[in-house]
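Here are a few exercises to work through with the model open beside you. Try each task on your own before you read the solution.

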Amino acid sequence: MLKIFPAICLATVSLLLATVALAETLERDSVSTLQQKNAETNLPKAIHWGPNAEKYSSWGNHSNRLIPIYTFGIDLEGFKGAHSIYRDEARLKALFGYLPEKTVNAKAEYLDQTDVYRLQKQAIANGKRRVILFIYDGMDWQTTWAAATHKAGTVAYREGRGTGLNFQDYRGVKTDFGYFVTTPHNSGTDVNVDRQIVTAPGGSTKGGYNVGEAGEFPWSVPTDANYPIAKGKNIVHAFTDSASSATSMTSGIKTYNNSINVNYMGREVLPIARQLQADNWKIGVVTSVPICHATPGAAYANNVHRYDYQDITRDLIGRPSAFHPGGLPGVDVLIGGGWGDEKTKDGNQGENFVPGNRYLTQEDLHAIDVTNGGKYLVAQRTPGRSGKQVLEEGVTAAIKEGHRLFGFFGVGGGHLPFQTADGKYDPVVSAKSSGPTAAEKYSEADIRENVTLSDMSIAALDILEAKGKPWWLMIEAGDVDWANHSNNIDDSIGAVLSGDEAFHQVTQWIEKHGGWEDTCLILTADHGHYLVIEDPEALTGE
């Protein structure tokens with residue numbers, strides 16, 4: 001008995017510790033419960049979405065909030081503080097083409113979103129040969145705070161850069177933090193997709209940012225809760241969509257909502273990726289949502305409207321499109337969602353829409369495949385096979401044979417499965433002002449046959465590096481935006497954490513492949529939503 005007693009004690013202690021650990025895990029995994037209760041009642045507990053503090057969901061769209069930016073390998077010194085464009089009336093007028101009302105601020109610390117484009121240009125001029133633009137679609141400061149708080153299990157900060165996430169804490173290279181204005185040139189512009197022209201230049205609502213109404217920091221509480229959604233009592237400024245904001249970051253201009261690299265008059269502008277491609281840079285685009293959505297589309301394509309999906313894809317893969325009948329060269333790597341989303345009609349795409357997959361026609365997929373004489377090795381979701389394995393095999397073959405790579409994955413809605421705050425793929429109901437909406441359900445095949453943002457990011461890096469420097473890569477964590485549109489804090493935190501793991505994998509890859517000397521990474525978002533956190537402790541699970 002004496003010989004087995006210690007073993008029994010150790011087993012008992014181990015069991016008790018495991019039980020405690022499990023209890024703590026279950027206790028901390030309270031975000032899904034919070035989301036479900038709030039969504040089902042539309043009563044706010046701890047958090048709410050929109051300007052109405054008495055409802056859980058009173059707004060499901062974007063906002064005119066300041067957006068954080070984190071840089072690695074470069075800094076923001078030439079763009080923030082005394083160098084802010086918002087301190088200079090003449091520069092603002094030149095940027096917008098008009099002087100936005102009540103927008104000049106002599107004390108502005110913030111940048112403009114178009115400075116992201118200029119930041120990339122400056123980095124390249126200073127010798128960077130590997131440029132990564134990492135965009136969390138829809139991730140404002142509040143969304144970041146929610147995810148960092150949940151991951152840490154404590155409220156570690158209430159303003160500033162913050163801590164707890166990999167991109168907040170990474171110090172493997174010089175890093176900087178700032179925030180910028182995202183407002184567009186205008187909202188309400190009308191276009192003709194078939195003719196690819198703007199029919200009503202100038203739109204209905206002009207852009208601008210009034211610090212007195214919105215606040216001087218991303219964490220500021222606006223004096224008028226309706227100002228960030230273009231419904232202010234004293235002044236109305238347009239809030240951006242993903243197309244206008246992505247165009248600002250890739251082409252450096254202010255334009256209308258829905259524009260993909262055309263100015264407010266409808267004239268083509270060249271995104272930085274195509275400028276670099278003309279100088280023999282290799283180009284990659286990765287996204288967790290459909291390959292031709294606004295952000296990945298703006299990395300390379302031109303179109304008067306963001307919803308002309310099949311034509312935007314054609315630009316990305318080098319096929320003749322409505323805007324470019326002669327075709328563009330196409331990107332070297334394109335990996336993302338869109339697989340399995342079928343549609344018989346789509347009026348947003350114009351007369352040349354082809355029924356079937358709404359993002360990629362079978363004809364175009366057939367034409368780009370190397371087995372048919374095309375330039376891309378195609379790796380797509382395959383029934384019964386591991387998505388990660390399919391992608392890895394595609395990378396290996398593409399590198400060996402010197403091909404481009406096209407990766408196509410997703411579930412029925414066109415995106416990758418949504419990760420939740422617990423790290424699983426088990427969403428609960430979302431919230432709309434009209435009531436709760438059904439949660440997405442995924443089969444075992446949906447999970448196994450797909451890939452993660454980390455998988456896609458590393459695949460793109462391996463392909464681009466194999467082709468040789470210099471190269472430019474956009475990585476988009478697009479599911480943050482989808483979660484925030486759905487007023488779903490569980491999906492939102494999960495999406496940020498999924499993207500944060502991708503960032504971690506990318507920094508590890510950089511450290512193993514030559515380091516940071518000629519590499520820079522810019523991590524930011526394209527716009528904000530309207531998450532309001534009254535009780536951040538509720539997100540810790542304590």
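How much space lies in the second largest pocket? Before you start, note that this is a predicted model, where local features need pLDDT of at least 70, side-chain atom pairs count only at pLDDT 80 or more, and totals for chains, interfaces and linings use all residues. Residues are numbered from 1 along each chain as its sequence is written, and side-chain values use heavy atoms, with hydrogens and water left out.

**Exercise 1. Size up the second largest pocket and describe its lining.**

Step 1: get the volume. The second largest pocket holds about 300 Å³ of space. A pocket here is an open set of points on a 1 Å grid over the protein atoms alone, where a 1.4 Å probe fits, with protein on both sides within 12 Å along at least five of seven lines; lining residues have an atom within 4 Å of a point.

Step 2: find the lining. There are 20 residues around this pocket, and His 62, Arg 306, Tyr 307, Asp 481 and His 485 sit nearest its centre. Two elements give two or more residues each, α10 (294-298) and α16 (479-485). Helices are DSSP runs of H or I with at least four residues, strands are runs of E with at least two, and both are numbered from the N terminus. The top contributor is α16, with three residues.

Step 3: sort by class. You should get five nonpolar, 10 polar and five charged residues. Gly counts among the polar ones in this scheme.

**Exercise 2. Do the same for the largest pocket, then place Gln 142.**

Step 1: the largest pocket holds about 350 Å³ of space. Of its 19 lining residues, Arg 65, Ser 220, Val 221, Pro 222 and Val 532 are the closest to the centre. The elements giving two or more residues to this lining are α5 and β20 (531-533).

Step 2: by class, the lining of the largest pocket has 12 nonpolar, four polar and three charged residues.

Step 3: now look at Gln 142, which lies in helix α5 (residues 141-152). Gln 142 counts as buried because its relative accessibility is 7% (buried is under 20% relative accessible area, exposed over 50%, partly exposed in between, with a 1.4 Å probe and protein chains only).

Step 4: list its neighbours. Not counting residues up to four places away in sequence, Gln 142 touches Arg 65, Pro 218, Trp 219, Leu 531 and Ile 533, where contact means heavy atoms within 4.5 Å. The Gln 142 side chain also reaches the backbone oxygen of Pro 218 at 2.9 Å.

**Exercise 3. Work out how helix α11 sits in the structure.**

Step 1: count the buried residues. Nine of the nine residues of α11 (residues 309-317) are buried, so this helix is largely enclosed by the rest of the structure.

Step 2: ask what does the covering. The cover includes α10, β11 (333-337), β13 (356-357), α12 (362-368), β14 (376-380) and β15 (404-408).

Step 3: check what follows. Next after α11 comes Gly 318, with a positive phi near 80°.

**Exercise 4. Trace the surroundings of Trp 281 and the peptide bond before Pro 470.**

Step 1: Trp 281 is in the loop between α9 (272-277) and β10 (282-290). With 5% relative accessibility, Trp 281 counts as buried.

Step 2: beyond its neighbours within four places in sequence, Trp 281 is in contact with residues including Ile 124, Lys 128, Asp 332, Pro 470 and Trp 472. From Trp 281 to Arg 130 the C-alpha to C-alpha distance is 9.3 Å, although they are 151 residues apart in sequence.

Step 3: go to Pro 470, in the loop between α15 (453-467) and β18 (471-477). The bond joining Lys 469 and Pro 470 is cis, with omega about 0°.

**Exercise 5. Find the residues other than glycine with a positive phi in two loops.**

Step 1: most residues other than glycine have a negative phi.

Step 2: Gln 196 has phi near 55°, and this residue is in the loop between β7 (190-192) and β8 (197-200). Its relative accessibility is 8%, so Gln 196 counts as buried.

Step 3: Asn 261 has a positive phi of about 55°, and its loop runs between α8 (242-251) and α9. Asn 261 is buried too, with a relative accessible area of 0%.

Key
A polar contact is a pair of N or O atoms within 3.5 Å; within protein, one must be able to donate a hydrogen and the other to accept it, and residues adjacent in sequence count only if both atoms are side-chain atoms. Grid points are joined across faces, edges and corners, and a volume is the space filled by probe spheres set on the points.
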